[in-house]
Amino acid sequence: MKIKSVGVVGAGAMGSGIAQALAVSGINVVIIDVSDVALEKAKATIDHSLQRLVSKGKLADSAREVALARIVPSTEYTSLTSADMVVEAATENVDLKKRIIAQIETAARADAIIATNTSSISITALAAGLAQPSRFIGMHFFNPVPVMPLVEIIRGLQTSDETASAVHELTERIDKSPIGVRNSPGFVVNRILVPMINEAFFVLQEGLASAEDIDTGMKLGANHPIGPLALADLVGLDVCLSVMDVYLRDFGDPKYRACTLLRQLVEAGRLGRKSGRGVYDYPA
Ligand code: NAD
């Protein structure tokens with residue numbers, strides 16, 4: 001099956017980026033949100049992002065207009081009837097996602113693929129309520145979508161080969177690099193990345209080096225573009241902590257226990273850039 005039109009449900013940071021990446025590659029997109037304000041913001045964000053590509057000489061102005069025209073905003077799930085595939089990118093909440101995915105299955109064609117961009121919820125669990133779990137799959141994009149080349153393609157227990165290969169093909173067609181992953185907490189990238197960040201907090205807590213030196217060490221010694229503590233501030237310390245807590249709960253392995261320093265910074269409201277202070281200070 002060749003995917004030519006895609007519905008995107010959820011017009012936030014990720015949904016708008018996914019819609020842009022699809023439209024630039026010639027795919028017709030219907031983007032759905034419960035909020036008109038979110039839809040207007042998404043259109044403006046995509047327009048701004050495409051303008052920047054034009055000013056950098058990476059996109060022709062005519063291509064910008066064509067891409068924008070391919071994206072149709074809607075608040076009605078009934079607009080999904082012609083989509084070959086629907087990507088769910090709404091708020092990260094299990095009950096909400098189960099409800100949305102059921103609504104998508106009702107509204108979309110019987111042969112449409114349904115994908116979710118969830119970062120933390122089990123693909124197999126989300127598929128369980130569907131009449132046809134074989135056409136459900138995880139498609140985990142990275143933020144910001146127009147810039148980040150990776151897509152983790154996650155097969156749930158019941159995902160079919162046909163579904164997985166159609167989504168791999170689409171991912172390559174929109175100029176992204178797919179990696180195939182079996183369903184498991186954190187998939188591949190966050191499973192490795194977040195415990196590394198947690199380890200950096202242990203190193204800081206034990207007084208082995210200053211925060212600046214830990215970050216410099218990993219930048220210059222491991223060739224990372226950003227140090228783990230600065231990355232924690234970017235991601236949000238609360239997000240890192242809750243991911244570690246999920247790994248500890250789901251794997252039951254003490255190697256995933258969150259560092260006390262990380263937990264205390266979160267308790268103190270030092271969440272990183274978004275709160276103005278995390279490991280480092282971010283004056284307004
Ligand atoms: P966001 O809060 O920016 O956007 C979520 C959008 O979903 C909002 O516009 C909201 O109005 C909409 N929504 C809520 N209920 C809805 C419904 N019933 N129908 C349609 N739309 C609805 O969130 P985000 O950062 O874009 O994250 C979206 C998903 O992507 C989450 O599952 C998240 O885990 C995942 N994700 C996020 C990142 C990231 O770095 N932000 C990276 C990878 C994956």
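1. In which loop is P144 found? P144 sits in the loop between β6 and β7. In this predicted model, the peptide bond leading from N143 to P144 is cis, and its omega is near -5°. The two strands on either side of that loop, β6 (residues 136-141) and β7 (residues 150-155), run antiparallel and are joined by four bridges. Within this pairing, M139 stands opposite I153 in β7.

2. Strand β7 has a further partner. With strand β8 (residues 177-182), β7 pairs in the parallel sense, over six bridges. Here E152 stands opposite I179 in β8. Between these two strands the chain passes through helix α6 (residues 161-173), and the resulting β-α-β crossover is right-handed.

3. The loop between α6 and β8 contains D175. The phi of D175 is near 70°, a positive value in a residue other than glycine. D175 has a relative accessible area of 70% and is therefore exposed, the cut-off for that term being over 50%. A similar entry concerns N223, in the loop between α8 (211-221) and α9 (228-235). N223 is not a glycine, yet its phi is positive, at about 65°. N223 also counts as exposed, because its relative accessibility is 70%.

4. Strand β4 (residues 85-88) merits attention for its surroundings. Four bridges link strand β1 (residues 5-9) to β4 in a parallel arrangement, with V8 opposite V87 in β4. Strand β5 (residues 113-116) also pairs with β4 in the parallel sense, again over four bridges, and V86 stands opposite I114 in β5. Together with helix α4 (residues 94-107), β4 and β5 form a right-handed β-α-β unit.

5. Which residues of β4 lie on each of its two sides? M85 and V87 are on one side, V86 and E88 are on the other, and all of them are buried, so that both faces of the strand are covered. In a regular strand, side chains alternate between the two faces of the sheet.

6. The largest nonpolar core has 37 residues. Those with the most contacts inside this core are V6, I18, L22, M85, M139, F141 and L170. Helix α1 supplies the largest share of the core, six residues. As for V6, its contacts beyond neighbours within four places in sequence include L22, I27, V30, A83, M85 and V87. Another core, of 25 residues, lies apart from the largest one; among its members are A211, A230, A232 and L262. In soluble globular proteins, nonpolar side chains tend to be buried together.

7. Helix α3 (residues 61-69) has R64, A67 and L68 among its buried residues. Viewed down the axis of α3, the buried residues fall within an arc of 100°, and therefore they line one face of the helix. An α-helix has 3.6 residues a turn, so residues three or four places apart point the same way. The buried residues of α3 pack against α1 (13-24), α2 (36-55) and β3 (71-74). On the face of α3 turned away from this buried side are the exposed residues S62 and A69.

8. S35 is found in the loop between β2 (28-32) and α2. Its relative accessible area is 25%, so S35 is partly exposed, a term that applies between 20% and 50%. Although S35 and G10 are 25 residues apart in sequence, their C-alpha atoms are 9.0 Å apart in space.

9. The domain assignment of the protein gives domain 1 (5-181) and domain 2 (190-275). The C-alpha centres of these two domains lie 29 Å apart.

10. V194 belongs to helix α7 (residues 189-205). Is V194 buried or exposed? V194 is buried, because its relative accessible area is 8%, and the limit for that term is under 20%. Leaving out residues up to four places away in sequence, V194 touches C240, V243 and M244. V194 and S119 are 75 residues apart in sequence, and the distance between their C-alpha atoms is 12 Å.

Key
Residues numbered from 1 in each chain as written. Predicted model: local features only at pLDDT ≥ 70, side-chain atom pairs only at ≥ 80, totals over all residues. Heavy atoms only, no water. Pairing = 2+ DSSP bridges. Right-handed = clockwise from strand over helix to strand, strands pointing away. Buried < 20%, exposed > 50% of the residue type's maximum accessible area, 1.4 Å probe, protein only. Contact = heavy atoms within 4.5 Å. Domains from an automatic or database assignment. Arc of directions from axis to C-beta. Core = buried A, V, L, I, M, F, W, Y, C linked by side-chain atoms within 4.5 Å.
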